[in-house]
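Here are some notes on the model you sent, set out as numbered points. Please read them with the sequence and the structure open side by side.

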Amino acid sequence: MPPSHDEFVDAVVHLALEAAGVPRPWRIQSVPEGIGNHVFFVGDELVVRVGTGTDGAKFPAAIAVLRAAAGVVRVPEVVHADMSCTVVPYPVMVLRRLPGRPLCRSWSDLDAEQRISALERLMEELDRLHRVPDDRVPDSMRTVPWWARREAFIRREIRRQHDCSGFPTEWLSRMERYLDDNFDALGNAPLVGILHGDPGWGNVLFDGAEFCGLIDLDETRYGPSDEDSWQVLFEAGIEAEQWIPAECLALLPGLDLSAPGVLERYVIRETENILLLLTGELSWKTPEEAREDAHETYRDAFDSDDMARLLEQLV
């Protein structure tokens with residue numbers, strides 16, 4: 001059982017800062033937004049992230065991408081990282097803190113023009129991330145082909161869930177048939193590079209109208225750029241709101257959903273998300289929450305035409 005936040009300050013955070021060569025700070029503030037790990041602001045300059053939950057296993061990839069993207073994309077500078085769990089009994093990273101605050105705190109107050117401007121700036125930055133030169137991409141991320149791990153996970157988990165879960169077997173069979181029938185879409189992705197993986201409004205920093213950077217790259221991976229684009233659309237609520245004309249949306253930098261297989265790749269990605277929920281390995285969700293989310297995700301992906309209608313508007 002991980003220690004409480006107060007215990008963390010003495011038993012973990014100070015040790016991590018000492019290992020990083022940082023003088024003992026006068027102010028350490030716990031950040032409640034940390035879900036899969038513990039997060040602390042150290043003064044106004046640093047952030048300490050401690051991987052106590054499932055995100056800890058993702059820290060090595062996140063750190064590798066932060067270093068690869070440095071100077072190309074606005075992401076936090078890595079001051080110190082230790083995955084050995086020796087000095088500190090968890091994976092830990094110390095980062096230079098970016099200015100600004102999460103877009104989720106101001107999005108509802110923005111008018112249409114401001115929202116479009118924010119989306120333009122965010123998509124420009126994601127496009128830079130997707131185009132990080134190959135010689136800077138960590139070797140561990142460049143699985144050939146990029147979808148090999150996804151396919152293996154989906155097929156393995158479908159077999160396992162047939163035997164051990166209450167998820168409808170006909171749904172599992174339908175997901176497997178969809179993968180078989182649309183497998184070619186994976187190889188048709190036009191731009192494959194480093195993805196943020198979770199560009200939700202909590203991971204996008206703005207200072208007023210000024211874009212400040214991307215944070216929390218724990219879901220980063222190598223894949224097609226349209227996966228980040230879908231996430232941005234979901235966060236903006238485009239499928240439900242009409243505050244931005246489709247013709248303006250289609251012109252956002254880096255947002256190209258016209259390539260063959262975009263919708264099919266989206267459904268296959270959602271299949272992976274459904275199975276991930278069913279594993280019960282997300283430390284911040286109860287089994288009941290995960291099961292409910294898996295059912296909702298299935299219905300959205302397989303029993304709804306919302307994404308197809310949105311795609312028709314954009315292309």
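1. Between which two helices does the loop that holds Thr143 lie? In this predicted model, Thr143 belongs to the loop that runs between helix 3 (112–130) and helix 4 (148–164). Once its neighbours within four places in sequence are set aside, Thr143 is in contact with Ala148 and Arg149. Its C-alpha atom is also separated by 7.7 Å from that of Tyr222, although the two residues are 79 apart along the chain.

2. Helix 3 also contains His130, and here the surroundings can be described in some detail. With a relative accessible area of 4%, His130 is buried, because the cut-off for that class is under 20%. Not counting residues up to four places away in sequence, His130 touches Leu191, Gly193, Ile194, Leu195, Ser225 and Asp228. For one of these partners, Ser225, the C-alpha separation from His130 is 6.4 Å, while the two residues stand 95 apart along the chain.

3. Turning to the chain as a whole, there are 11 helices and 10 strands. Its radius of gyration is 20 Å, close to the 20 Å that the globule rule gives for 315 residues, so the chain is as compact as a globular protein of that length. Along the principal axes, the C-alpha trace spans about 55 × 50 × 40 Å. Of the contacts between residues at least 6 apart in sequence, 72% join residues that are at least 24 apart.

4. As to burial and surface, 48% of the 315 residues in the chain are buried. The accessible surface comes to about 15200 Å², and carbon and sulfur atoms account for 48% of that area. The chain carries 31 positive and 56 negative charges, and the mean positions of these two sets are 4 Å apart.

5. Which residues touch the most other members of the largest nonpolar core? They are Phe167, Met175, Trp201, Trp230 and Leu233, in a core that has 74 residues. Helix 9 (residues 262–279) gives the most to this core, contributing 8 residues. Apart from this core lies another, of 14 residues, which includes Leu17, Val50, Val88 and Val92.

6. Met175 deserves a separate look, as its partners can be listed. Leaving aside neighbours within four places in sequence, Met175 is in contact with Ile158, Phe167, Thr271, Ile274, Leu275, Tyr298 and Phe302. Among these partners, Phe167 is itself one of the core residues that touch the most other members.

7. Two residues other than glycine have a positive phi and can be inspected in turn. For Cys85, phi is near 60 degrees, and the residue lies in the loop between strand 4 (78–82) and strand 5 (92–96). Cys85 has a relative accessible area of 36% and is therefore partly exposed. For Asp216, phi is near 55 degrees, and the residue lies in the loop between strand 9 (210–214) and strand 10 (221–224). Asp216 likewise counts as partly exposed, at 27% relative accessibility.

8. Is Pro245 buried or partly exposed? At 36% relative accessibility, Pro245 counts as partly exposed, and its place is in the loop between helix 7 (226–236) and helix 8 (246–249). Pro245 and Asp218 are 27 residues apart in sequence, and from C-alpha to C-alpha they are 32 Å apart in space.

Key. Residues numbered from 1 in each chain as written. Predicted model: local features only at pLDDT ≥ 70, side-chain atom pairs only at ≥ 80, totals over all residues. Heavy atoms only, no water. Helix = DSSP H or I, 4+ residues; strand = E, 2+ residues; numbered from the N terminus. Rg over C-alpha atoms; globule rule 2.2 N^0.38 Å. Buried < 20%, exposed > 50% of the residue type's maximum accessible area, 1.4 Å probe, protein only. Contact = heavy atoms within 4.5 Å. Areas by Shrake-Rupley, 256 points an atom, 1.4 Å probe, with all protein chains shown as cover. Lys, Arg positive; Asp, Glu negative; His and termini not counted. Charge placed at Lys NZ, Arg CZ, Asp CG, Glu CD. Core = buried A, V, L, I, M, F, W, Y, C linked by side-chain atoms within 4.5 Å.
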